[in-house]
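Visitor: I've got a few minutes before my gel finishes. Could you walk me through this one?
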Amino acid sequence: MNEAVDPSAVDLSVRMTAPSGPLTLTHPVLPASGTFGYGEEFEPFLPPGTFSAIVPKSISVEQRPGNPPPRAIETPAGLLNSIGLQNPGLDLFVSDYLPRLQRYGVPILVNVVGKSIEDYCQVVETLEGRDLVLGYELNVSCPNVKEGLRFGLDPDATGALISAVREKTGGVIMAKLTPNVTDIAEHAVAAQQAGADAVSMINTIRAMAVDWRKGKSRIGTETGGLSGPAIRPVALRMVWEAAQAVDIPVCAIGGISNAEHILEFVSVGASMVQVGTHLYREPTCLISILSELRELLAQEGYSSLESLRGSFGSAPDRLPESSRPVG
Ligand SMILES: Cc1cc2nc3c(=O)[nH]c(=O)nc-3n(C[C@H](O)[C@H](O)[C@H](O)COP(=O)(O)O)c2cc1C
């Protein structure tokens, strides 16, 4: 039998490296960009600083009004949205939103979106050195705006963008990849080669919902992005493929709503995760997720999250004794 592990002693921390040096997140759970606003909406439910780092809604240089309504509808086991990257723009973000985010006292990974490499660089340059700005999640993968996938569908374009941003910051660069490609591992490798410190995946899957009687889309644009439980198996497959292809940490996103899901993603190689659509259903879920993560890992004899990482499909001796096949 494996020695019993005390759940309270299970180490959930995540270690990463950026050019500015090594850094540690207290646990692996972040909010997914766009599903957490800028934190304020969450204050009545949960101190936003309970997340190990905050990923706000995408920020672009210019203010964006977003797409026409309706902007979201429920689909079987999912949510179809076409928000269209509505955001206050860089100036207002710096003057109003960032100071509020800084009050939460945890690192901020600013999600950046742009129409050109210069746009991304301008956001990063403006935010460099600001208190608690740990780095940037570069959104190259929004399916809901015309120019959103311009970078994300072409690994060379993703690489060129990351190389340019790399020159502007020693902070974390996490490239948020799109699932709307044939080979996500190729894109993850391009991101790593260009200097990304981590990759996150997946953004939403391009999808539709139509009203055949009216001959119209059920959302304000013809296509939108699908999220929620429906996309989790796709995300799991993509995280597994990417994690085998790169050495940098992979942040898993897609339909995660509980600790079991997180451990599935970690077993296929993820180092950390983001919870998105589920936050609408259960904004306080992080509390139970963190205690269940510790309990489930301890039950199976793991003293740390990291010791589970990548165990899927591995030789039996990588699994703790209690999980090894008998006979
Ligand atoms: C309403 C909504 C708005 C979103 N806005 C953004 C955004 O601004 N930037 C971004 O990178 N991803 C955005 N996303 C994608 C999520 O961050 C996440 O990648 C995706 O929803 C999959 O995770 P989930 O199934 O847990 O929601 C948005 C998703 C939803 C549902």
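Guide: Sure, one term to begin with: a residue is near a molecule if one of its heavy atoms lies within 4 Å of it. This is a predicted model, where local features need pLDDT of at least 70, side-chain atom pairs count only at pLDDT 80 or more, and totals for chains, interfaces and linings use all residues. Residues are numbered from 1 along each chain as its sequence is written, and side-chain values use heavy atoms, with hydrogens and water left out.

Visitor: Which residues come nearest to the ligand?
Guide: There are 25 residues around the ligand. Those that come nearest are Ser-33, Lys-176, Gly-228, Gly-255 and Thr-277.

Visitor: How far is the polar side-chain atom of Lys-176 from an oxygen atom of the ligand?
Guide: A polar contact is a pair of N or O atoms within 3.5 Å. Backbone atoms join in too: a polar one of Ile-202 is 3.0 Å from a ligand oxygen, and a backbone N or O of Gly-228 lies 2.8 Å from one. For the side chain of Lys-176, the distance is 2.7 Å.

Visitor: How much of the ligand's accessible area does the protein cover?
Guide: Areas come from the Shrake-Rupley method with a 1.4 Å probe. On its own, the ligand has 610 Å² of accessible area. The share covered by the protein is 97%.

Visitor: How many charged residues are in the shell around the ligand?
Guide: Here Asp, Glu, Lys and Arg count as charged, Ala, Val, Leu, Ile, Met, Phe, Trp, Tyr, Cys and Pro as nonpolar, and the others, Gly among them, as polar. The shell has eight nonpolar and 15 polar residues. Its charged residues number two.

Definitions and conventions: A polar contact is a pair of N or O atoms within 3.5 Å; within protein, one must be able to donate a hydrogen and the other to accept it, and residues adjacent in sequence count only if both atoms are side-chain atoms.
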